[in-house]
Amino acid sequence: TIGLPPMISPVGWLLFVAFSVWVSLALGASPLCYNFAGQDTPGLILADGTNARLTSQNGQVVSHPVTGTIYLCDKGNHGIRLISPAGDATSFFGSMTGVSGHSEGSATSARFSSPLGIALDHVNNLLYIGDTGNCAIRRIQLSSAYHDSDGIVSTLSGGPTHCLDNTIVHAPFMMTVNVARDHLWVTASNDPGVYRVSLATGLIVETVATTIPEPSGILATDTNGAVSFGLEIIVVADRKTHSVYTFSPSNPAAVTLLIGLGSTTAGYYTDPDPLAAQLSFP
């Protein structure tokens with residue numbers, strides 16, 4: 001099982017997460033795929049490279065664009081892992097025994113419950129976490145852009161007592177951040193559409209693209225980069241129609257099929273025409 005969504009690191013790696021982190025150099029002339037951190041056996045061991053153990057179960061993964069540090073949601077261990085470009089997987093936010101909960105503070109005192117989504121604001125060294133089991137969006141202020149767990153965990157919105165609050169995302173699934181525009185784009189388990197969430201309050205600003213029935217992975221791009229305003233483009237993978245869609249927040253009703261058939265038929269088929277290709281639960 002490959003974690004979703006895979007992502008491309010600043011050094012050209014394609015990263016996948018299951019019970020371990022895999023690196024694919026398929027972007028180069030000689031494709032190569034190897035185990036980077038962890039093993040096929042799940043667990044909670046902080047160590048270097050393949051001596052580490054994690055229980056990700058499809059947690060999202062991001063990479064720092066300058067340092068190459070990898071941040072991922074270790075859902076099964078109810079925590080957040082930090083992995084250096086050299087494969088050092090000794091930093092962890094959450095219970096060292098894999099116990100779930102909801103508390104704030106330092107890396108060892110903070111508690112999460114089945115976190116899935118993660119987004120990185122590399123300008124301000126902030127991580128945003130979709131703490132799915134706690135109905136919350138959490139925030140980690142990192143002390144630096146490098147591989148360490150010297151940071152403070154707080155709650156941006158939600159919490160175990162707010163699971164019926166319609167002003168927040170109840171079960172945040174995957175997310176991406178646009179710092180220049182001061183918002184997160186968040187998908188939620190079994191909810192149609194995409195939520196725009198304020199970075200200032202953590203509350204839902206609007207729900208868009210509701211014709212996408214079960215969004216999962218999400219990516220937001222700005223044509224002028226991260227520090228200026230251009231045309232923001234949202235790319236969303238959908239599990240129900242086994243397809244990938246795109247839309248612009250300036251016209252969210254105009255959702256365009258990007259890859260796949262747009263149907264409930266799953267499959268595996270490659271084709272030069274992306275609209276003829278078949279995917280399965282992207």
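Two strands count as paired if DSSP finds at least two bridges between them. Keep that cut-off handy for these exercises, which work on a predicted model.

**Exercise 1. Work out which strands flank β16 and how they run.**

Start with β15, residues 172–178. DSSP gives 5 bridges between β15 and β16, in the antiparallel sense, and the cut-off is at least two, so the two strands pair. To fix the register, look for P172: it sits opposite A188 of β16.

Now go to β17, residues 194–198. Here 4 bridges link β17 to β16, and again the strands run antiparallel. For the register on this side, H183 faces S198 in β17.

Finish with the turns. The β15–β16 hairpin has 4 residues between its strands, and D182 takes a positive phi near 60° there. The hairpin of β16 and β17 has 5 residues between the strands, with N190 in the turn at a positive phi of about 70°.

**Exercise 2. Decide whether β16 is enclosed or open, checking both of its sides.**

Split the strand by side-chain direction: H183, W185 and T187 point one way, while L184, V186 and A188 point the other way. Next, check burial, and you'll find that all of these are buried. That makes 6 of the 6 residues in β16 (residues 183–188), so the strand is largely enclosed by the rest of the structure.

**Exercise 3. Classify M174 and S248 as buried or exposed, then describe their surroundings.**

Buried means under 20% relative accessible area. M174, a residue of strand β15, comes in at 0%, so it is buried. For a partner far off in sequence, try I129: it is 45 residues away along the chain, yet the C-alpha atoms of the two are 8.9 Å apart.

S248 belongs to the loop between β21 (243–247) and β22 (256–259). Its relative accessibility is 13%, so S248 counts as buried too. Its side chain makes a polar contact of 2.8 Å with that of S250. Skip the neighbours within four places in sequence, and S248 is in contact with L231, E232 and I233.

**Exercise 4. Locate the largest nonpolar core and pick out its best-connected residues.**

The core to look for has 16 residues, and F93 and I140 have the most contacts inside it. The elements giving two or more residues to this core are β7 (70–74), β8 (79–83), β11 (117–121), β12 (126–131) and β13 (136–142).

Then zoom in on I140. Leaving out residues up to four places away in sequence, I140 touches a set of residues including I80, F93, F112, L127, I129 and V153.

Conventions:
Residues numbered from 1 in each chain as written. Predicted model: local features only at pLDDT ≥ 70, side-chain atom pairs only at ≥ 80, totals over all residues. Heavy atoms only, no water. Buried < 20%, exposed > 50% of the residue type's maximum accessible area, 1.4 Å probe, protein only. Polar contact = N/O pair within 3.5 Å; in protein donor to acceptor, adjacent residues only side chain to side chain. Contact = heavy atoms within 4.5 Å. Core = buried A, V, L, I, M, F, W, Y, C linked by side-chain atoms within 4.5 Å.
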